[in-house]
Amino acid sequence: MAYVIAAPCVSDFSCVEICPVNAIHPGPSSAAFEAAEQLYIDPGACINCGACVEACPVSAIYEAGNLPERWKHYAEVNRQYFLQGGALA
Amino acid sequence: MKTMRVAVVGAGAAGMYAIESLLGRREFAVEVDLYEILPTPWGLVRAGVAPDHPEKKQVCDRQFNFQLQDPRVRFIGNLAVGRDIAVAELSQWYDTVIYAVGATGDIRMALPGEDLPGCLAAREFVAFYNGHPDFSALPIDLSCERAIVVGNGNVALDIARILATPIAALEKTDIAEHALEALRSSHIREIVVLARRGAWQAAFNNPELEEFEHLAGVDVAVEGDDLVEPGGMQGLASWEAQRKIDTLRRLVSRPKDPGNKRIVFRFLGTPVELTGSDKVAQMRIAHNHLRPDAQGRLQAVPSEQTSTLDAGLVLRAIGYRGTPMPGLPFDAVRGVIRNVQGRVVEDGGAALPGVYTTGWIKRGCRGIIGSNRKCARETVDCLVDDWAMGLGGGPALNKDAVLALVSERQPAWVSLGGWLAIDRHERSTGRQKQRSRVKLTDISSMLEVANAH
């Protein structure tokens with residue numbers, strides 16, 4: 001089960017910088033960064049190291065199974081971002 | 001290698017991320033004096049982020065505090081650059097200066113009746129309920145049944161949510177006490193969030209819209225848009241826009257309760273006039289069509305058809321706007337300090353040596369907290385390149401010389417210790433009421449606590 005970025009995300013991108021496998025997008029050098037509502041973790045790339053959880057200054061990152069009830073759907077939101085081509089921008 | 005002495009003006013997200021960038025550079029040693037007009041730091045993270053978004057405010061403890069409490073950084077609060085110290089003096093006292101003063105103004109609707117009591121800027125109402133000392137005494141009248149928020153960005157949704165949230169839930173947040181009092185006697189039953197364009201062009205973000213699915217005692221309606229994908233648009237709407245439509249459809253199809261408050265997302269309407277005798281009572285709204293402009297972008301075009309809505313509270317949430325800093329070139333069209341990539345430039349284009357800017361006052365009032373991190377890095381990269389080439393202001397005064405001048409200009413300046421005393425006081429009062437903090441909302445109380453430490 002991968003990690004998931006939920007609603008509190010403020011696009012601080014400390015997570016992007018610490019992720020060892022570049023699984024978090026869009027990064028600040030991407031054209032999509034300015035308009036992005038939040039950042040997203042690619043569940044297909046995530047290796048579950050958990051480094052992003054501590055790096056996030058707003059505690060927006062959860063293991064998929066630990067998402068609070070009101071943010072449970074963010075697992076699918078993170079997955080959908082990449083299915084519709086999110087990391088290609 | 002010489003230590004660079006930097007003044008950063010503004011202790012909000014922009015200024016703090018600029019300091020993060022400066023402290024991380026290996027090329028030189030740095031000392032930072034952080035000037036802030038209020039006795040408290042954090043800018044809009046304290047006075048703008050909604051009280052029911054406590055997670056976002058963790059950025060102060062988990063990110064910005066590392067900069068604020070770094071031994072190389074000295075906090076100088078309750079001092080107004082531009083008033084207590086001139087811009088030209090700051091350039092003389094320091095090697096480099098970074099202006100991160102954000103936006104103290106807002107975009108007006110330019111309507112007849114806009115100055116009637118009961119019509120105000122979202123910026124002012126947000127500052128009121130977040131306890132900003134300059135807005136705590138605002139005369140807020142919530143005795144009407146309907147409020148209209150003009151604009152549908154995240155700030156508009158914050159306001160709609162705060163006006164509709166049950167008091168018991170708000171009492172657990174860090175919302176200002178005087179706002180709780182005002183809301184306890186509120187008669188508002190309906191909040192209309194009015195936007196010029198259609199639902200497919202809505203400015204709010206998905207996480208903010210989704211919050212309404214978990215708001216007790218609130219029905220959501222949509223007017224002016226049937227939420228059907230316009231012909232010819234199939235597959236062209238963004239993923240984010242499609243999600244918003246799906247959420248709106250879910251929200252409007254929930255069973256309604258006549259006892260509930262109502263939030264109405266109204267689309268394709270432009271305010272044309274506010275009327276009332278001694279305060280705002282009605283808004284006349286023109287109905288819009290969407291027409292593609294020369295670049296193919298859909299624009300709202302008002303028709304002749306209008307309708308009227310009764311409303312006793314009208315909040316314009318169509319954007320913050322920067323105001324000029326005396327002594328710095330200002331681009332009045334964009335509402336920013338004139339700059340190129342963060343280097344402040346004169347009207348003719350010549351760079352002011354050693355003067356930089358970051359955040360909303362540099363790039364305009366857009367983006368979220370983290371947008372400022374990328375922005376600050378660009379500014380500091382330019383600053384470091386210039387420093388390496390020997391371009392800067394100064395020669396800088398040393399720390400003690402500056403302290404003597406600061407104490408002369410503003411004897412009541414607040415140090416880091418003073419802010420930490422305010423912070424402790426707020427959290428301690430909060431603990432007694434099972435809230436994260438109870439904010440001090442006027443300058444004299446803050447100074448009393450700061451000076452007692």
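Visitor: How many residues does each chain give to the contact between chain B and chain A?

Guide: Contact here means heavy atoms within 4.5 Å. This is a predicted model, where local features need pLDDT of at least 70, side-chain atom pairs count only at pLDDT 80 or more, and totals for chains, interfaces and linings use all residues. Side-chain values use heavy atoms without hydrogens and water, residues are numbered from 1 along each chain as written, and chains are lettered from A and ligands numbered from 1 in written order. Chain B gives 24 residues and chain A gives 31 residues.

Visitor: What area is buried between chain B and chain A?

Guide: Buried area is the accessible area (1.4 Å probe) that two parts lose on being put together, summed over both. Carbon and sulfur atoms give 48% of it. The total is about 2300 Å².

Visitor: Which residues of chain B lose the most area to chain A?

Guide: Three residues together account for 28% of what the chain B side buries. They are B:R62, B:W239 and B:K374.

Visitor: Which residue forms a salt bridge with B:K374?

Guide: A salt bridge is a side-chain nitrogen of Lys or Arg within 4 Å of a carboxyl oxygen of Asp or Glu. There are 5 salt bridges between chain B and chain A. For B:K374, the closest N and O atoms are 3.4 Å apart. The partner is A:E34.

Visitor: Which element gives the largest share of the side of chain B that touches chain A?

Guide: Helices (H or I, at least four residues) and strands (E, at least two) are DSSP runs, numbered from the N terminus. Elements giving two or more residues are α3 (54–68), α9 (206–210), α10 (239–252) and α12 (371–388) of chain B. The largest share is 6 residues, from α3(B).

Visitor: How many residues has the largest nonpolar core?

Guide: A nonpolar core is a set of buried Ala, Val, Leu, Ile, Met, Phe, Trp, Tyr and Cys residues joined through side-chain atoms within 4.5 Å. Those with the most contacts inside it include A:I5, A:L39, B:F64 and B:I369. B:F64 touches B:I369, and also B:W42 among others. The core has 61 residues.

Visitor: Is B:R5 buried or exposed?

Guide: B:R5 lies in strand β1 (residues 4–9) of chain B. Buried means under 20% relative accessible area, exposed over 50%, partly exposed in between (1.4 Å probe, protein chains only). At a relative accessible area of 5%, B:R5 is therefore buried.

How values were computed:
Lists of a residue's contacts leave out its neighbours within four places in sequence.
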